[in-house]
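Thank you all for coming; I would like to walk through one structure this morning, going from one contact to the next. Please have the view open in front of you, and stop me wherever something needs a second look.

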Amino acid sequence: MVRQLRRPIVWVPVSIGLLALVVWRSRLWEAGATLGAIDARPLLAALLVGQATPILWALRSRDLLAGAGRHVPFVALLPMTSFANTINNLTPGSAGELARLYLLRTQHAVEYGIGAAVILIERFVALGYLSMSGVLFWASWAWSLPPIATVALALLVGLAPAAIYGLGIRPLAIVARLPLRRVVGGDRWTSWAAALDRVDATIARLLVDPRRLVVLAATTAGVFAVGTAQLTLVAAATGASLDPRVAWGALGLSITAGVLSLLPFGLGAADLALVALLGVAGVGPVQAGVIAFGYRLVSTLPYALEGVAAYAWLSARLGDGEMRRGAADAAAGIGAGPDATG
C-alpha cells in the first residue's frame, strides 16, 4: 500500500490536487498586494537559520552512535543524515536509511543492528516528540495554559520514551513474538525475530541513559525550534506576527499530517493543514497561503537540494551502483544473524 502511494502516478496528482485546494482555500490569486509588500530580509534570515537543522541531525546521530559504543565523526555524518532525510521523503521503503546503514557499516564498522536502532530512534521517537509537542504548544496557546503547566507537560513528553522502556515495554520484542512463521518462513522469521530483539535491546540501552535522552530531546527540540523560527520569520516577511506557541504547534501538527499522508515531503497535506491552523490562529486566508508556500521556499527546497548534493558526493565516493547494492545489502543484513547485526 505504501509503495503504491509513493508511485509518481499516484502521489503527483494527489499532491497537485491538495496544493490546488490550498490555493483555492487561501485565494492566492488575491495575494498580489501581500506579495508586493514582502520584506526579503526575514526570508533571507529564515534561509540562514535553516542551515542549523542538518547540523543538529548529525549531532543527534553522532551522540546516539557514541552511546552504542560506535564513534563516527561529525563531518562524515553530516552528508549521510542530510541525504537520508531527503531521499526518505522521495522514495518508498526508507531507501535513504538503508544506504545510510550500509555507509555506516562499510566506512565506520557500525553493525547493522546498531545503525538500525539509532535510525529508528531518530525517526520514530523524534516524530513522537514532534507530534506531542505540537499538540502541547497548540493547547498551551488555545487554552492559555500557565507556563508551569506547559513546562511540566513538556517534561512528560520528553521522558515518555524512557518511561516506556524503563517499564520493560519492548515494542520490537513484542513484534518478534508474533506468530508469523508461516507467513514469513520459519528460518527467515527466526533470524528477523532475533535481529528485532537485539535492535530493541540497543534502543532500550540508549533511551534509558539519562545523558543520551537529554541530548536526544535537546537536539530534536533544536530542530523543531529552527522550523518554528523559520515559520515565524516567513510570517514576519508578510507582516504577520505569530505567537511562538502557534508557530510551533501549527508546524508540528501540519508536519505530522504530512508524514501520515505518505506523500513526498508531505506536499499538499502538510500545506493544507498549516493554512487551516494559521486560519484558526487569526491569520487571513491569503496571508496564510503565502506563509505556507514561503515556508516551503526556505525549508523544503533548500533541504532537498542539500540532500541531492549529499547523495551526489556520497555516490561519487562509492559509485552509484555500489550505493544501490549497499542499500539492498543493508536490507538483507539486518536480519542475517549475529555477525551482521552485532
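Let me begin with Ala109, which counts as exposed because its relative accessibility is 55%. Before going further I should say that this is a predicted model, so please hear each value as computed from that prediction. Ala109 lies in the loop between helix H7, residues 95-108, and helix H8, residues 112-142, and although Ala109 is not a glycine, its phi is positive, at about 55 degrees.

If we now follow H8 to its other side, there is a second residue of this kind, for just after H8 we come to Ser144, with a positive phi of about 50 degrees. Ser144, which is not a glycine either, sits in the loop between H8 and helix H9, residues 147-166. Is Ser144 buried or exposed? At a relative accessibility of 59%, Ser144 counts as exposed.

As for H8 itself, one can ask what span its 31 residues should have. At 1.5 Å a residue the expectation is 45 Å, and since the end C-alpha atoms of H8 are 44 Å apart, the model agrees with it.

Staying with the loop between H7 and H8, I would like to turn to the charged contacts. As a general point, side chains of opposite charge can pair when their charged atoms come close. In this model the count comes to 10 salt bridges, and I will take up a few of them.

One is between Arg70 and Glu111, whose closest N and O atoms are 2.7 Å apart. This pair links distant parts of the chain, with Arg70 in the loop between H5 and helix H6, residues 74-90, and Glu111 in the loop between H7 and H8, 41 residues apart. Glu111 counts as buried, at 16% relative accessibility, whereas Arg70, at 24%, counts as partly exposed. In this part of the chain there is also a contact of another kind, in which the charged end of Arg105 sits over the ring of Tyr112, at 5.3 Å from the ring centre.

Another salt bridge joins the side chains of Asp63 and Arg211, with an N to O distance of 2.7 Å. Here too distant parts of the chain are linked, since Asp63 belongs to helix H5, residues 52-67, and Arg211 to helix H13, the two being 148 residues apart. Asp63 is buried, with a relative accessible area of 10%, while Arg211 is partly exposed at 48%.

Arg212, for its part, forms a salt bridge with Asp209, the closest N and O atoms being 3.8 Å apart. Of these two, Arg212 is buried, at 14% relative accessible area, and Asp209 is partly exposed, at 27%. What I would ask you to look at is how these contacts connect, for Asp63, Asp209, Arg211 and Arg212 are linked in a network of salt bridges.

Let me stay with H13 and move along to Val234, which has its place in that helix. Val234 is buried, with a relative accessible area of 2%, and its C-alpha atom is separated by 7.0 Å from that of Ala46, although the two residues are 188 residues apart along the chain.

H13 also takes part in an aromatic contact. A search of the whole structure finds four aromatic pairs. In one of them, the rings of Phe224 and Trp248 have their centres 6.1 Å apart and their planes at 85 degrees, and because an angle over 60 degrees counts as edge-to-face, the pair falls in that class. Phe224 lies in H13, residues 210-237, and Trp248 in helix H14, residues 244-261, so the pair ties together parts that are 24 residues apart in sequence. Both residues, Phe224 and Trp248, are buried, and together with Phe137 they form one aromatic cluster.

I will finish on the surface. Ile164, Leu167, Ile169 and Ile174 make a nonpolar surface patch of about 400 Å². Of these residues, Ile174 is found in helix H10, residues 171-176, and at 52% relative accessibility Ile174 counts as exposed.

That is where I will stop, and I am glad to take questions.

Notes
Residues are numbered from 1 along each chain as its sequence is written. This is a predicted model: local features need pLDDT of at least 70, side-chain atom pairs count only at pLDDT 80 or more; totals for chains, interfaces and linings use all residues. Side-chain values use heavy atoms; hydrogens and water are left out. Rings of Phe, Tyr and Trp (its six-membered ring) pair if their centres lie within 6.5 Å; planes under 30 degrees apart count as stacked, over 60 as edge-to-face and the rest as tilted. Helices (H or I, at least four residues) and strands (E, at least two) are DSSP runs, numbered from the N terminus. Buried means under 20% relative accessible area, exposed over 50%, partly exposed in between (1.4 Å probe, protein chains only). A charge sits over a ring if NZ of Lys or CZ of Arg is within 6 Å of the ring centre and within 35 degrees of the ring normal. Patches are made of residues with over 30% relative accessible area and no salt bridge: like charges are joined within 9 Å, nonpolar side chains (Val, Leu, Ile, Met, Phe, Trp, Tyr) within 5 Å. Accessible areas come from the Shrake-Rupley method with a 1.4 Å probe; for residues, only the protein chains shown count as cover. A salt bridge is a side-chain nitrogen of Lys or Arg within 4 Å of a carboxyl oxygen of Asp or Glu. The expected span of a helix is 1.5 Å times one less than its number of residues.
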